Amino acid sequence: MPTQPLQPVSSSNKFIRLFSPSADNIAPLVILLLLLHLVLWSVFTGISHRSPDWDNMEELVWASGLEWGYYKHPPLPSWILYGLVSIFGRPVWLTFFTGQLSVILALWMVWKLGCEMTSQRRALIATLLVSVVAYFTVRGVMNNHNTMQLWSVAGAIWMFYRATRTGSMRAWALLGFFCGCAFLTKYSALIQFAAFALYLLLTGHLRRAQTWKGIALSTAILIAIVTPHLLWLKQQATGPVAYAGSEMVPQASYWLELQDLFSFSLTNLGRIAAMLLALAIVAIWASRQFKSVPKSARPTTIASQLAASDRFFLLVIGIAPLVLTMLIAGAMKIPLAAHWATTFFILFGFFSFWVLRSNDDVSLLRKTIIVIVVMQILGAAGYGLARGPLADKSGRPSRATFPGAEVSRQVHAAWQANMQTPLRLVASDTWLGGNIATHIGPQVQVLIDGDFGKSPWVDEDKADKCGMLVAINRSKDNPDDVDNEVIALMAQSTQHGMLDIPWTKKAGGPRVEIEWGIIPPQAECSEKPASL
């Protein structure tokens with residue numbers, strides 16, 4: 001009987017097989033899904049927002065210079081954005097992209113951690129489920145120190161797992177690196193370090209000499225990374241430590257603290273609600289195949305198939321940061337901001353293993369992908385639509401609808417009409433000053449709140465000689481306070497004016513009212529006249 005010739009495999013079939021949930025190696029599928037996440041949230045926010053969120057603008061302003069620290073936080077996120085700004089300039093979309101870049105790096109490392117404990121497919125199921133937590137989606141486009149800490153904390157957890165399982169000195173060294181990066185992002189990394197210490201204590205690892213060698217190596221690398229910042233911090237009369245202290249003024253009573261803890265918990269429950277909904281849909285969908293199967297013949301939960309040590313790791317490292325934070329805050333009556341919990345839910349996707357059952361991982365993964373991709377598309381498109389076009393059409397004044405480019409164009413035109421030297425400095429609050437400066441060009445810096453201490457990238461002597469544009473947002477719907485230093489600088493200006501332009505596209509809607517003033521350059525200024 002003649003054999004049938006082999007049919008050539010088409011390129012489309014090769015593509016499908018490469019990214020199929022049934023592939024032997026699903027790393028290409030993971031990368032594809034993470035890139036889809038990155039593109040969805042970066043593009044929909046980038047095209048719908050005329051101006052970025054406040055935190056994003058703050059990072060753009062801070063990225064004017066490389067400093068060992070900034071007046072509110074450690075420097076690493078601003079360093080990262082500084083490098084990207086050097087390449088791409090200061091477009092609005094860049095901040096959303098940078099926040100989501102941290103998100104997908106964190107998700108990649110969550111998946112890699114899961115692969116150490118279970119199969120690639122099950123690890124991806126957990127990763128996909130956690131990817132719809134609000135801190136990875138609608139708040140993942142906020143380029144702040146909470147979002148930018150996601151990747152380093154995820155990396156630290158992954159390396160901590162490897163170090164405690166294998167004793168690898170390389171893993172301990174990388175743990176020190178990730179911990180150093182996490183600390184240089186935000187001091188809240190200390191609570192994650194405390195969770196690591198608690199785990200080592202509970203598991204008896206501290207009785208092993210190999211563990212102490214690893215701790216010594218990690219600590220040495222951590223200290224090497226953070227020492228320059230700590231030396232800088234020591235020289236600051238005011239700075240990140242003072243700012244952190246101002247954010248944690250104790251409550252007047254434990255009753256108020258209990259109310260605050262309840263609010264903190266309720267808000268964060270809302271922020272993981274999408275994950276809970278996705279898990280419910282996947283679990284119900286998957287359970288349909290077991291309807292005709294006797295309970296005794298149904299597969300056990302995925303969690304029961306994990307090693308007991310891995311279950312303990314997930315529970316302690318996954319929950320301890322949240323519990324420790326609430327216990328410490330409760331005892332000290334410290335008010336908690338909900339977004340401080342951004343990195344606390346990194347491992348929560350793995351808790352789905354206590355719910356999900358599977359005798360067909362390919363089918364379960366396929367169902368999870370369908371549910372998550374639909375939710376991601378609807379979430380990103382809905383967020384962009386609501387924050388941009390719908391808010392604009394309804395006349396809702398927001399940062400997303402703020403006409404930053406037009407404000408910048410008009411105040412810059414006022415400067416050029418009055419001055420022969422190029423504009424180099426804008427004295428204003430972070431938000432308004434950032435909107436003006438970013439649209440003019442990278443040569444324009446912001447003197448935050450008229451305070452040179454908050455703006456170390458500004459040369460005070462040169463600023464005094466070369467003048468500046470002063471701007472104050474007088475809009476009725478302006479949510480920001482005006483600092484006395486900016487008011488004092490406005491009083492020194494020799495030319496004044498007011499802008500009055502629509503905030504949104506709705507006829508008769510809110511208005512943007514900007515007061516501007518010019519402190520002219522002195523004769524000693526070395527700036528060349530603006531070219532005609």
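The lining of the second largest cavity divides into four nonpolar, two polar and four charged residues, and I should say at once that what we are looking at is a predicted model. The space in this second largest cavity comes to about 50 Å³, and its lining is made up of S428, D429, D449, A471, I472, N473, D481, V482, D483 and V486. Strand β3, which covers residues 468–473, gives the most to that lining, with three residues.

One of the lining residues, D449, deserves a little more time. D449 sits in the loop between β2 (445–448) and α18 (460–466), and its phi is near 55°, a positive value in a residue other than glycine. Most residues other than glycine have a negative phi. D449 has a relative accessible area of 9%, and because the limit for a buried residue is under 20%, D449 is counted as buried.

There is a second residue of this kind, K333, which is not a glycine and yet has a positive phi of about 60°. K333 is found in the loop between α14 and α15, and with a relative accessible area of 21% K333 is classed as partly exposed.

Let me go on to the other enclosed spaces. The count of cavities of 30 Å³ or more comes to four, and the largest cavity holds about 130 Å³ of space. This largest cavity is lined by 14 residues, of which L33, L34, H37, L128 and S131 are the closest to its centre. The elements that give two or more residues to the lining are α2 (27–48), α6 (120–130) and α15, and α2 gives the most, with six residues. By class, the lining of the largest cavity has 10 nonpolar, four polar and no charged residues, whereas the lining of the second largest cavity, as I said, includes four charged ones.

Now to the open space. The largest pocket contains about 990 Å³, and 32 residues line it, with H73, K186, S188, E247 and W340 lying nearest its centre. Which helices each supply at least two residues of this lining? They are α3 (54–62), α9 (189–203), α11 (240–247) and α14 (308–332), and the largest share, five residues, comes from α11. The lining of the largest pocket divides into 17 nonpolar, seven polar and eight charged residues.

Since α9 has come up in the pocket lining, let me turn to how α9 packs against another helix. The axes of α8, residues 169–183, and of α9 come within 8 Å and cross at roughly 145°. On the α8 side the contact is made by L175, C179, A182 and F183, and these meet A189, L190, F193 and F196 in α9. The residues of this contact divide into eight nonpolar, no polar and no charged.

The other helix pair I want to show involves α15, which also contributes to the lining of the largest cavity. Helix α13, residues 273–287, packs with helix α15, residues 361–394, at an angle of about 145°, and their axes are 10 Å apart. The crossing, as α13 passes α15, is right-handed. In α13 the residues A274, L277, A278, I281, V282, W285 and A286 meet L364, K367, T368, I370, V371, I372 and M375 in α15. By class, this contact has 12 nonpolar residues, one polar residue and one charged residue.

I will finish with two single residues in helices, starting with H229, which has its place in helix α10, residues 209–234. Is H229 buried or exposed? H229 counts as buried, because its relative accessibility is 0%. If we leave aside its neighbours within four places in sequence, H229 is in contact with W68, G69, P74, P75, L184 and Y187.

The other residue, T438, lies in helix α17, residues 430–440, and T438 is also counted as buried, with a relative accessible area of 12%. Not counting residues up to four places away in sequence, T438 touches M57, L60 and R90. As for its distance from M248, which is 190 residues apart from T438 along the chain, the C-alpha atoms of the two are separated by 32 Å.

Note on methods. Residues are numbered from 1 along each chain as its sequence is written. This is a predicted model: local features need pLDDT of at least 70, side-chain atom pairs count only at pLDDT 80 or more; totals for chains, interfaces and linings use all residues. Side-chain values use heavy atoms; hydrogens and water are left out. Axes are lines fitted to C-alpha atoms, for helices over the stretch in contact, and angles run from 0 to 180 degrees between N-to-C directions. Helices (H or I, at least four residues) and strands (E, at least two) are DSSP runs, numbered from the N terminus. A crossing is left-handed if the near helix is turned anticlockwise from the far one by less than a right angle, and right-handed if clockwise. Contact means heavy atoms within 4.5 Å. Ala, Val, Leu, Ile, Met, Phe, Trp, Tyr, Cys and Pro count as nonpolar, Asp, Glu, Lys and Arg as charged, and the others, Gly among them, as polar. Buried means under 20% relative accessible area, exposed over 50%, partly exposed in between (1.4 Å probe, protein chains only). On a 1 Å grid over the protein atoms alone, a cavity is a set of points where a 1.4 Å probe fits but cannot get out, and a pocket is an open set with protein on both sides within 12 Å along at least five of seven lines; lining residues have an atom within 4 Å of a point. Grid points are joined across faces, edges and corners, and a volume is the space filled by probe spheres set on the points.
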